[in-house]
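Colleague: Could you walk me through the charged pairs and the strands of this one? I have the picture open on my screen.

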Amino acid sequence: MPYGMKYWGNNNFVIDEGSVRLNHKSSPSLLNIVQGIRDEGHRGPLLLRFPHLIGKQIDTIYGEFNRAIKEFQYKGDFKAVFPLKVNQFPGFVHHLLKCGQPYGYGLEAGSKAELILAMAYNHLGHPITVNGFKDYEMISLGFIAKKMGHDITLTIEGINELETIIDLQKNDPDYVPSIGIRIRLHNTGASSWSKSGGINAKFGLNSTELIEAVDLLKEANLLSHLTMIHFHIGSQMSDITPLKKALREAGNIYAELRKMGAKQLNAINIGGGLAVEYAQHKEVLNKNYSLAEFANDIVYNIKTIAADKKVKEPDIYTESGRFIAASHAVLIAPVLELFSEEYSPKSLRLKENGNPPLLEELHDLFKTINAKNAVEYIHDALDHLESLLTLFDLGYIDLEDRSNAEILVHLIIKKSLSFKNTNIPERRDLLEQIQERYLVNFSMFQSLPDFWGLGQDFPIMPITKLDEQPTRAATIWDITCDSDGEIPFNQGTPLFLHDIDLESEEYFIALFLVGAYQEVLGMNHNLFSHPTEATIVIDDNGFVIEDLIQSKNIFDILDDIDYDINDMQNRLKNNIENAPALDDEAKKQVLGELYIYLSENGYLKTTR
Ligand SMILES: *Cc1c(COP(=O)(O)O)cnc(C)c1O
């Protein structure tokens, strides 16, 4: 499988006749789906959502944990909630809730807005957990959720939150939510997100505070509401060892708290952190464990501690988000331009007479290079280029000479790399040197913020031509005017794409596993907004495009950052009406044209 699909693809896609297809039911190709949407006039990047992949992840996580529970004859239940911070978009959440319904899958909220979302859409009776710092209003919302009949657990992050709950229950004793306690572990995770654990972590109660909390709960006669302890050691855990340590620590705290009288305490919530494999190359794999191993370790470790301490085996909750959401979304963006087109023989401007001798030599090298002499000729060509650039700096050759030299060296390298069976030691370096820059119609800041902010790699590949060898070392440029908006060619994890002629063919790049975190973290840098999205439901006969939501138009984007759109419209209109160069007919026409542009989204349509 090209492009490392065997590492990150999870059998979600197949390659057939050079094209990427969904490995589900009628297995439509990504190209057909994209064409279907583009035929309706939509341009720019497209975010495709595949609800069957949400369902698959939910089935998988419940399946594995229930298998492990059976295997170890574990007596507690497995329960799960989805942490809304990972993806709150309706196009995702509605399908998530539908797929999770048979399992009793719930939601986790970390802010008031997320809690309101959960209170509105979570199925009654499915768990809601609430993490993060909470004020009086947020805790009151917990009481309201309880009145609605929700199974809600407020996980307290500090003693003050507990005090607020105790205060509120004085007036509302019948609707006290279940109480969870986030514990501050001394064992931490192993990933770039692992700040969530550890004794200096942002969240949770240390052992002294735990004892204080139990005392406060006893005093207020609320200890029977304490049902859950919670920890979260960080996202994208690359290794499972720290989790095992954390489980032992949490298991012992669970047993201690029960001994202290918390008889309703019956759940350990292990948070999220289950990693997703994003790697396209085996040298840079993101994790060293499988879901089966993860489930086994958790069930086995908690069972062992419960047995040692002679306490009831607790229910096990997870809040895995990345694992559930990442695979469901694929961003597909058209390539707009290739930047080394200028290095073609057509662009040479060799003089009839008077080319510098070194340039004449370069020209000869280009004409006569072959599989046998390639290595030697490349070295000569690179030497000549150095000398010619020096001559330019000293003023001895002109800009045309320099341009000719650059083109010829580029062509010589390209030709040499096309010879089969020629062993060129510095092949990788040369490929990098003549790399192609693919201008792709998307914004890195909007659609791939974790690449920009954390250096997280995402699988990238073309969706067609997969039966042809890609030959060009590729750098991806986005369309923002920020030099950070680039995925540079990297020798360690090289990306090769096809040589294409955009005059005669379209070429689309797909970015996979963008369903977790990227959408809401995405920022409107340069005022590029969330891309046009569509949900693709695949059945046995084909596919249906549902819930197509267009990327915001230019007025809406400006309205979002609080411009007065009426004022702006008036100004634009006045500027046209007062334009001295235009007659009345022309004014009308310009105004019409302007309004069309303003009603469209800000992504590029085409460069031609
Ligand atoms: C972010 C977060 C999660 C989700 O973590 P993933 O790595 O996406 O599974 C779960 N629980 C809490 C408390 C979180 O803050």
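Modeller: Happily, and one term comes first: buried means under 20% relative accessible area, exposed over 50%, and partly exposed in between, with a 1.4 Å probe and protein chains only. This is a predicted model, where local features need pLDDT of at least 70, side-chain atom pairs count only at pLDDT 80 or more, and totals for chains, interfaces and linings use all residues. Residues are numbered from 1 along each chain as its sequence is written, and side-chain values use heavy atoms, leaving out hydrogens and water.

Colleague: How many salt bridges are there?

Modeller: Side chains of opposite charge can pair when their charged atoms come close. A salt bridge here is a side-chain nitrogen of Lys or Arg within 4 Å of a carboxyl oxygen of Asp or Glu. By this rule, the count is 26.

Colleague: Are Glu161 and Lys134 buried or exposed?

Modeller: Their side chains meet in a salt bridge, at 3.2 Å from N to O. Glu161 is in helix α7 (residues 159-171) and Lys134 in the loop between β6 (127-130) and α6 (136-148), 27 residues apart; helices (H or I, at least four residues) and strands (E, at least two) are DSSP runs, numbered from the N terminus. As for accessibility, both Glu161 and Lys134 are buried.

Colleague: How many residues apart in sequence are the parts that Lys414 and Asp499 tie together?

Modeller: The closest N and O atoms of the Lys414 and Asp499 salt bridge are 3.4 Å apart. Lys414 lies in helix α14 (residues 399-418) and Asp499 in the loop between β17 (496-497) and β18 (508-511), so the parts they tie together are separated in sequence by 85 residues.

Colleague: Is Lys414 buried or exposed?

Modeller: Its relative accessibility is 32%. That value falls between the two cut-offs, so Lys414 counts as partly exposed.

Colleague: Which residues are linked with Lys414 in a network of salt bridges?

Modeller: Asp499, which has a relative accessible area of 39% and is partly exposed, belongs to this network. Together with Lys414, the linked residues are Glu436, Arg472 and Asp499.

Colleague: Now the strands: which residue in β11 is the bridge partner of Lys79?

Modeller: A closed barrel of 8 strands runs β4-β5-β6-β7-β8-β9-β10-β11, with parallel pairing; two strands pair if DSSP finds at least two bridges between them. Strand β4 (residues 78-83) and strand β11 (residues 315-318) pair in the parallel sense over 3 bridges. In β11, the partner of Lys79 is Tyr317.
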